[in-house]
Structure formats: structure tokens, C-alpha cells
Amino acid sequence: MPEDGTPATEELTNDQKRENVIRLAFGGSEATFNEFVDAVRQAIPPGTGVVLRGSAVTGARWKDGSPFDAAGPGTSDLDLTLVGDDVIKFYKATGFWVPGVHSRPLSDEDPDIAPDLVPLRERLMEMVKRPVNIQASRDVVMYLRGELAGQPYLVLIDKPEDG
């Protein structure tokens, strides 16, 4: 267990992950968190799920264990993953780690790989005053990363079973 008394990453409940996200990334404001989720919901195709991964969820970076915003306020990014078949179409053919299955993140490093998502990314970054990276994956990738590899995430928008 970390020194601050929170459970280890693999032990975090959904409520604890949500509390971490609201506290760390949204300055404790549930209203801003809800506004963020609503902005995403309005910009994505029906049947798309949305998860948030990374240090905003766990409180620490996976690579080196450094705390969220270790380099100062607004320095840690938010890693948003859009899950579904239709959202994959937002990305250019050159914007994938695995073509048609798992995209690279729309980010400062790859700002042109999903032009239709740029306005959403800009709106979200303005809301949270930090970088927001937006990646797209099919369901199988989220299963592999979350269930098999144990990478924690917080579901922001549930993907319908038939979607």
C-alpha cells in the first residue's frame, strides 16, 4: 500500500478511481467532471464507449511511479480512449499502432491523425487546463489491456452491449 494509505492500483475500486480522477484532474469539481463527460458524449458516435486511463485514475505514472502532476499543476495529461467500431473511422490510415484496431493518440505529437476530433480535444483541454490525448480502440484491445494486462481504467461512458 502506498504511503498515503490508498490501495495499490490493482486494488482500486471504481469509486476510488472516480474519486481520484475528480480530485486530481478536475480540482475536486464533480460538475466539471460531468461537463467533460457530456462534451465527449456529444462528440462521439452512438454506441461508443469511453474510458480514462493513466495516472489520473491511479494517482501515479505507470512507467516510474511519479505522482500525478509531479512537475506542477496541469503538467500531467489525460488519456482518453474511445472504444468502438465507428470511432476508429475518425483516424487517418497513418494514425494507428495496429491498423483499424488500435490508434495512436491524437496529441501534440500527432495533432493531425484525427481531424474531426481536434475541436473536441481543444474544448476538453480548455476545460481541464492540461493536455488531453484521445485514442481509439476496438473492444478487444480494451479487454487485453484491462482484463489481461491489468491496466486500470475508469469507464466514463458505457458502451452498449449491442453497440
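**Exercise 1.** Determine which residues of β1 lie on each of its two faces, and whether these residues are buried or exposed.

*Solution.* Gly 49, Val 51 and Arg 53 lie on one side of β1, Val 50 and Leu 52 lie on the other, and all are buried. Buried means under 20% relative accessible area, exposed over 50%, and partly exposed in between, with a 1.4 Å probe and protein chains only. Five of the five residues of this strand (residues 49-53) are buried, so β1 is largely enclosed by the rest of the structure. Strands are DSSP runs of E with at least two residues, helices are runs of H or I with at least four, and both are numbered from the N terminus.

The model is predicted: local features need pLDDT of at least 70, side-chain atom pairs count only at pLDDT 80 or more, and totals for chains, interfaces and linings use all residues. Residues are numbered from 1 along each chain as its sequence is written, and side-chain values use heavy atoms, leaving out hydrogens and water.

**Exercise 2.** Find the strand joined to β1 by five bridges.

*Solution.* That strand is β2 (residues 78-83), and the two run antiparallel. Across them, Leu 52 stands opposite Leu 80. Pairing requires that DSSP finds at least two bridges between two strands. β1 also pairs with β6 (residues 153-157), in the antiparallel sense, over four bridges. There, Val 51 has Val 155 as its bridge partner.

**Exercise 3.** Describe how α2 and α5 are oriented to each other.

*Solution.* α2 (residues 30-43) and α5 (residues 118-128) pack at an angle of about 175 degrees, with axes 10 Å apart. Axes are lines fitted to C-alpha atoms, for helices over the stretch in contact, and angles run from 0 to 180 degrees between N-to-C directions. Angles under 35 degrees count as roughly parallel, over 145 as roughly antiparallel, 65 to 115 as roughly perpendicular and the rest as oblique. α2 and α5 are therefore roughly antiparallel.
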